[in-house]
Amino acid sequence: MIIDTQLASLFTAGALIVIGIFAAVFLDNLIKKVIGLAFIGDGTNLFLIAMGYKPGGIVYIYLPGMARDWFAQNAAYPLPFAMVLTSIVIGASTMAVMLGIIMVLYKKHGSLKASKILGD
Amino acid sequence: MIEYILMIIIVLGSILALMQRDLLKAAILTGIPGASLAFLYQYLLAPDVALTQAIVGSAIVPVFIALAVYKTRRVED
Amino acid sequence: MDLLIPLMVIVPIICALFLNLLHKKDRTIKAIAITLALILPLLPILASYGMHYFGGYAPLTENPTLSTGLPSLITGTALKTFHPAITYSFQGAQKLFIFILGLVAFLAIMVSLFETKRPSGVYGFMMFMGVASLTAILLTDDIFNFYVFFEIAALATVGVVLVSQVKGNYETALKYMILGGIASPLLLLGIALLLGVTGNVNITDIISSLKSGMVNPQNPVILMACGLIVFSWLYGSGLPPFHTIKSAIYSKALPHGAALLQAFSVFTFVALGIIILRIFSYLPISQMIILGVSLLAMILGITMALLQTDIKRMFGFLAVGELGYIGLGLGLGTAYGITAGLFQAVNEVLITAFLFIGFGTIYYQTGESDIRKLGGMMIKTPLVALLVLLAGFAMAGVPPLNAFQSKLMLIQASIQAGLPELGVIMILMSIVTFMTFMKAFHAVYMRPKPVELEIKNEKIPQATILALLVFLAVCILFGLFPHLVTGFLQTLSISLAGGMP
Amino acid sequence: MTFYDLIVKRIKKAQEADSEGPVTNVSTSAMLTAEITLISSLLVALIMLRLVSNVLMIVAVLVVLFAAILSMPLMPRLKKEQNDSLFNMTFYVVLALTIVIVLFYWGSLNV
């Protein structure tokens, strides 16, 4: 392949973030905006995961029989992965709150247009 | 090789989800990048994150959005 | 007494969960919530300075029992100085900030319990949760932990706005969440870039690897990370372009809620500002941007405040504008300037909470916050009017009160740093702030009462007046003895200024 | 007609165009104060350019002064620009994001 996996995933993450920001700014439908925001979060998570990836490495689980030095040199870096777990949960809960507010607003205004509900 | 295909699916799937006029379809299509991300995490040596992402990204998030759509309006005006 | 440091975060979380259980029983909620809230300002006074390592242990250099028997791959390299835990550091400045946060939280919760008809557990839950996350933000030395509590604080802010039942609160909350949905992942992205370059999320370790030359400090990735973190700093504290949404958030919360929310944003401003100064102070552009953004916040916030007709929105914009003073102090980069800025932060939290709760009595009595429909309240409540007037004097910086000391220090610092223009702008802005305050004060208290204005609640609760008196007492105390405050801040500001006094 | 009256007249005209309530003394004087504060603080802030170059400072102050006087009621426009609609807010947020990133990226490598 021309570019390696890590770089390609970083680019994918960047593309997801850009798509998300575009959707959150320019799409008028509130649900679409929320989907866009979810994509921004996903892109950031993928970015973090790609940071911890090690080309040609192994999963960071220490099995009996492995040499300690060999494991230290080949395992992926687990710190970003632990962070992503937290971040996924935060993203999902934020999205749930937003969808709840959207449902209340729909009852009030009868529309999902941001320009109508969240206008001046 | 398969990871490159997954990346392409993620980008295309997210664009496709945002292009739907039917919001219920958009909600279901959100699951595609979510699930492909889970597979990609597996390839990027993070199996525990992949498990969480598989549940949250391909099940919980689309269901939340679908519920919200069901309670509001299905077609974008 | 190392145990008290984690308790400062855990106690408000427990309070929050506990309050939620007692949803229907009004009287018990009141009594228990007030006693629990009283613990908040007491804990930082009792705790002694130190570090706490959550879920880990002290660095190997300070921990000889653990480091024996480890391979030289670990003990012989820089790994031995790293912090393998979520580190909470509790020093003088944190002690002061958490005490002030606890005091404002205690008074705001007390006032809210007496002013709302049916005190709801959810409102208290959100307030306590916000206090817990802000305490963690102030204590933490771990930038990812910072991000987690930053998000929780944003959710708590939204929660406080949602339960307020002010017209238009849902719309404002959704706007805030959408903007937050753009800005806070970018903070995480900035953290990810720092992590990718330095391999660490502990701030002390990031700084040591930047200083020791393990990482090239001019690396473009680090510049990008700094930009993203600065951007989320704008979001977290409500600097331009987020000043409109932040002031809208204050105006859609109940007055006691707003008093607490502005404390949240000031402390987020201070905590993230300190992090930016600690990590990126070697970049001259970071200080320039802090100065520029603060100037912009001051000018836009205070001029927009003049044009508002809603009291709560007016003070929301003023609260944003006053942030500029703190930023100017931090951006000057000298130890004296940073001390002055942090001192101003403490004063601003107190005074703005004082003003919000003081003018909140008008909202409580009439249910109206448009100054064109208000008037003649002086006859009803002369004592509160006097207290509010004193709060306005404090905000403008009249001598025996606290903001006089900090603004004087700020102006002196700006002259010492060779930028007297900043001092001129600060004086100008103080005058305009006072004029804005007098516009509201005249309209609410001194004009004859409009005929159609209804008074819903005759009597202001004793608790509110007590809270206002406590705020006044603290303002006078800090005004007469500024060394009480600056003594706590000096160590931090000297270390931020690069060791120069 | 003095200069002061001229400014007040123009502000009143601008307020009448987009205001929701009646134009009162208080609101006009508030607008006038905001206008003067904005312009004077901008000018004072521009004096700090002397650290870069004296000539640049003088030119910038003169240009901003004339531009401000020619487009006198600045404040109504500024107020309209900072309204509460989500599109405006997100637009300025993305603008600020680009400015901050560009400044850090380009500024630190070249200053």
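Of the 17 residues of H3(D), what number is buried? The number is zero, so this helix of chain D lies largely in the open. I should state at once that we are discussing a predicted model.

Allow me to stay with that helix for a moment. H3(D) covers residues 54-70 of chain D. At 1.5 Å a residue, its 17 residues should span 24 Å, and the end C-alpha atoms are indeed 24 Å apart, so expectation and model agree.

I turn now to the contacts between chains, beginning with chains A and B. Here 40 residues of chain A meet 36 residues of chain B. On the chain B side, three helices each supply at least two residues: H1 (2-19), H2 (23-43) and H3 (47-71). Of these, H3(B) gives the most, with 13 residues. By class, the side of chain B that touches chain A holds 25 nonpolar, five polar and six charged residues.

Chain A is also in contact with chain C. In this case 25 residues of chain A face 21 residues of chain C. The elements of chain C that give two or more residues to this side are helix H7 (143-162) and helix H8 (169-198). The largest share comes from H8(C), which provides 15 residues. The side of chain C that touches chain A divides into 16 nonpolar, two polar and three charged residues.

Let me next consider a helix pair within chain C. Helix H9, residues 203-211, packs against helix H12, residues 255-280, at an angle of about 25°, and their axes are 9 Å apart. With the limit for this class set at under 35 degrees, H9(C) and H12(C) are therefore roughly parallel to each other. H9(C) contributes Ile203(C), Ile206(C) and Ile207(C) to the contact, while H12(C) contributes Ile275(C), Arg278(C) and Ile279(C). That makes five nonpolar residues, no polar ones and one charged residue.

Finally, I come to the nonpolar core. The largest one contains 284 residues. Which of its residues touch the most other members? They are Ile49(A), Val104(C), Ala105(C), Phe267(C) and Ala353(C). For Ala353(C), we can list the neighbours, leaving aside residues up to four places away in sequence. Ala353(C) touches Val104(C), Ala108(C), Ala259(C), Gln262(C), Ala263(C) and Phe471(C). One of these neighbours, Val104(C), is itself among the core residues I have just named.

To close where I began: H3(D) has zero buried residues, whereas Ala353(C) belongs to the largest nonpolar core. Thank you for your attention.

Definitions and conventions: Residues numbered from 1 in each chain as written. Chains lettered and ligands numbered in written order. Predicted model: local features only at pLDDT ≥ 70, side-chain atom pairs only at ≥ 80, totals over all residues. Contact = placed C-beta atoms within 7 Å. Helix = DSSP H or I, 4+ residues; strand = E, 2+ residues; numbered from the N terminus. Nonpolar A, V, L, I, M, F, W, Y, C, P; charged D, E, K, R; others polar. Axes fitted to C-alpha atoms, helices over the stretch in contact; angles between N-to-C directions. Parallel < 35°, antiparallel > 145°, perpendicular 65-115°, else oblique. Core = buried A, V, L, I, M, F, W, Y, C linked by C-beta atoms within 7 Å. Buried ≥ 20, exposed ≤ 12 C-beta atoms within 10 Å, placed from the backbone. Expected span 1.5 Å × (residues − 1).
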